[in-house]
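Please look over the structure shown here, and then read the report that follows, which takes up one side chain, one helix and the chain as a whole.

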Amino acid sequence: MKTKLSVMLTITTFLTIGTAASQEAPPSSDAADAETEAPASSTAATASAPANGDIDGEPPELRKLAGSYTLVGNQADSVAKIEAAVDAATADMGALKKKVARKRLDKINKAVVRLKISSVQKQVTVGMDNYVVTAPLDGGTADVVTSAGDKARASFSLQSAALIQDIVAEHGRRENVFRFDSQGQLLMHVRETSPALTAPVRYTLVYKRAGQ
């Protein structure tokens, strides 16, 4: 009887000591490494925050381009420039195809007098007189309607301090590139392509900030 009691006491003592030891055991090397690396993760998160404190992260190039502009020079001169660009793009087309192409091109190529660029949390808006397009910057597209009334997809991107507006429709594609020249004037480079055209439509309009 004494021998059985002694064995039971020994087992109980062993279980008690083993349980306490497992509860008080020091953290594993993996846990220790995790605790050591935690401050580094916090530092990385802090470093990734915008240095200039810009909450919405608007690129500085976009902020510089934002504003209202008016066409430089005589509107008739800009109209003549656009007509010459359309003539060059349709020069090698047959008479009937040229007539159809020019009708469509005339609808979407106007000498825009008032131009406005703005953005809110990387949603960019460009207004050309009464025609306005809003789409995301650098990622994603938006459903829009062209000035000719066609359904299209629009997007914006920044490249080398220039804002690029890309509008893709069933009948063609238009790319507007907005950038400043050496005199601080805003240039709008237009390039239109279509399977129906034998050459792109290309021209540039010049703008100054409103009130200048």
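## Gln-165 and its surroundings

In this predicted model, the side chains of Gln-165 and Asn-176 are joined by a polar contact of 2.7 Å. Gln-165 belongs to strand β7, which runs through residues 162-169, and has a relative accessible area of 2%, so that by the cut-off of under 20% Gln-165 counts as buried.

Apart from neighbours within four places in sequence, the residues in contact with Gln-165 are Val-126, Met-128, Val-133, Ser-155, Phe-156, Arg-174, Glu-175, Asn-176 and Phe-178. Asn-176 therefore appears both among these contacts and as the partner in the polar contact between side chains, while Gln-165 itself is buried with a relative accessible area of 2%.

## Helix α4: span and cap

Helix α4 comprises 16 residues, 75-90, and at 1.5 Å a residue it should span 22 Å; the C-alpha atoms at its ends are 23 Å apart, which agrees with that expectation. At the N-terminal end of α4, Asn-74 acts as a cap, with a side-chain oxygen 2.7 Å from the backbone nitrogen of Ala-76.

## The two sides of α4

Which residues of α4 are buried? They are Ser-78, Ile-82, Ala-85, Val-86, Ala-89 and Thr-90. These residues cover an arc of only 125° around the axis, and therefore lie on the same side of α4. The spacing fits a general property of such helices: an α-helix has 3.6 residues a turn, so residues three or four places apart point the same way.

On the other side of α4, Asp-77 and Ala-88 are exposed. The cover over the buried residues of α4 includes the strands β1 (67-71) and β10 (201-209), together with helix α5 (95-108).

## Packing of α4 against α5

The axes of α4 and α5 come within 10 Å and cross at roughly 145°, and the crossing in which α4 passes α5 is right-handed. From α4, the contact is made by Glu-83, Val-86, Asp-87 and Thr-90, and from α5 by Lys-98, Ala-101, Arg-102 and Leu-105. Val-86 and Thr-90 thus take part in this contact and are also listed among the buried residues of α4.

## The chain as a whole

The protein chain contains 5 helices and 10 strands, and buried residues account for 28% of its 212 residues. Of the contacts between residues at least 6 apart in sequence, 43% join residues at least 24 apart.

Conventions:
Residues are numbered from 1 along each chain as its sequence is written. This is a predicted model: local features need pLDDT of at least 70, side-chain atom pairs count only at pLDDT 80 or more; totals for chains, interfaces and linings use all residues. Side-chain values use heavy atoms; hydrogens and water are left out. Helices (H or I, at least four residues) and strands (E, at least two) are DSSP runs, numbered from the N terminus. The expected span of a helix is 1.5 Å times one less than its number of residues. Buried means under 20% relative accessible area, exposed over 50%, partly exposed in between (1.4 Å probe, protein chains only). The arc is that of the directions from the helix axis to the C-beta atoms. Contact means heavy atoms within 4.5 Å. A polar contact is a pair of N or O atoms within 3.5 Å; within protein, one must be able to donate a hydrogen and the other to accept it, and residues adjacent in sequence count only if both atoms are side-chain atoms. Axes are lines fitted to C-alpha atoms, for helices over the stretch in contact, and angles run from 0 to 180 degrees between N-to-C directions. A crossing is left-handed if the near helix is turned anticlockwise from the far one by less than a right angle, and right-handed if clockwise.
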